[in-house]
Protein chains: 2
Amino acid sequence: MELKELVDRYQAAINLVYRKVSILLKEKINVDITSDQFPTLQYIANNKKCTSTDIAYTFGIGKSAVTAQVNRLFDKGLIIRERDEKDRRVVYLLATEKGREFVTNTEKILFEVLGKYLSNFEDEEINTFIQLLEKLARIMDEGEVDE
Amino acid sequence: MELKELVDRYQAAINLVYRKVSILLKEKINVDITSDQFPTLQYIANNKKCTSTDIAYTFGIGKSAVTAQVNRLFDKGLIIRERDEKDRRVVYLLATEKGREFVTNTEKILFEVLGKYLSNFEDEEINTFIQLLEKLARIMDEGEVDE
DNA sequence: GTTAAATAGTTCACTTATTGAACTATATTA
DNA sequence: TAATATAGTTCAATAAGTGAACTATTTAAC
């Protein structure tokens, strides 16, 4: 099969999935947080000793963009900052009780809907899909020279 | 397998892939266009009789956001607007020669890199992956009630 | 056929997101 | 100890998004 056709199909499909998940998030997030802020909060809640640098790397954005996002989450009482005692340059980001609860609730709703979609697949199909996606991610991560 | 684990793995992998493609775009796009503007321009170049409403729907954003994007692309001479002669409300978006060339060149570079990644996969793996992704997209699209 | 409702797109005011350069503070290394 | 690297913030600017109000046009109702 031709590469262009494959990429076109991939793009069309992945765009649609992304759009749906994004719309889903916008619909289901009832507190005042945007669908851009949620992934950041989620990352902070699910990763211990998370730093701004981690987030910048994970989401492929600059550190100053992270500072702005973190400020917004902080202002809403969803996260706190904590300096490393040994390396005073480092600031750890931690979800507050409110932040954790928010992530848990939102994930629960998300999982319900996604679970509904996934019920259309055989267990084996899901496994194959995830494994291939992870393989692609691994290859892209390794294929990196300058970083 | 547990749903949460599946979703976590999916998110981690898809985030990484998205980040890599985005970084790739940022690196390879040499003209003054952002990695957000490129998908819109690409959509316009690849779809005849494309309208603002199409783009808003495809990318899951509001029509006023599209107007702003379209203005930026127009200012750069990458697209033009053309009113429908029959239904004077409709404005078709068309890529200019410059816009088409730009998409072609960028896609070529993208395909080269993506092709390199895909060479790590068997043809059958790629097919299975795309088919499963398309199935997911189809299910999510159908699962829609209000729209 | 005129009125009412729907549709396509734009404008506007506002918030959020991102960039990149300059900066502070701290650690590392030469 | 001096030079360099790292972590994070601040700042000014641009891009991107929302939602409400608006114009222009078409379609539907009566």
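These are my notes on how the protein chains meet the two DNA strands in this predicted model.

**Entry 1, strand C.** I began by listing the surroundings of DNA strand C and found 25 residues, the closest being Thr34(A), Gly62(A), Gln69(A), Arg72(A) and Thr53(B). I then sorted the residues of this surface by kind, which gave 5 nonpolar, 10 polar and 10 charged. On the DNA side, I noted that 61% of the strand C atoms within 4 Å of the protein belong to sugar or phosphate, the rest to bases.

**Entry 2, phosphate contacts of strand C.** I looked up individual distances to phosphate oxygens of DNA strand C, and read 2.3 Å for a polar side-chain atom of Thr53(B) and 2.7 Å for one of Thr34(A). For Lys86(A) I found that a polar backbone atom is the partner, at 2.7 Å.

**Entry 3, elements at strand C.** I recorded that helix 4 (63–75) of chain A, and helix 3 (52–59) and helix 4 (63–75) of chain B, each supply at least two residues of this surface, with helix 4 of chain A giving the largest share, 5 residues.

**Entry 4, strand D.** Turning to DNA strand D, I counted 24 residues around it, of which Thr53(A), Thr34(B), Gly62(B), Arg72(B) and Lys86(B) come nearest. I read distances to phosphate oxygens of strand D of 2.7 Å from a polar backbone atom of Gly62(B) and 2.8 Å from a polar side-chain atom of Gln69(B). I closed with the note that helix 4 of chain B gives the most to the surface near strand D, with 4 residues.

Technical notes
Residues are numbered from 1 along each chain as its sequence is written. Chains are lettered from A and ligands numbered from 1 in the order in which they are written. This is a predicted model: local features need pLDDT of at least 70, side-chain atom pairs count only at pLDDT 80 or more; totals for chains, interfaces and linings use all residues. Side-chain values use heavy atoms; hydrogens and water are left out. A residue is near a molecule or strand if one of its heavy atoms lies within 4 Å of it. A polar contact is a pair of N or O atoms within 3.5 Å; within protein, one must be able to donate a hydrogen and the other to accept it, and residues adjacent in sequence count only if both atoms are side-chain atoms. Ala, Val, Leu, Ile, Met, Phe, Trp, Tyr, Cys and Pro count as nonpolar, Asp, Glu, Lys and Arg as charged, and the others, Gly among them, as polar.
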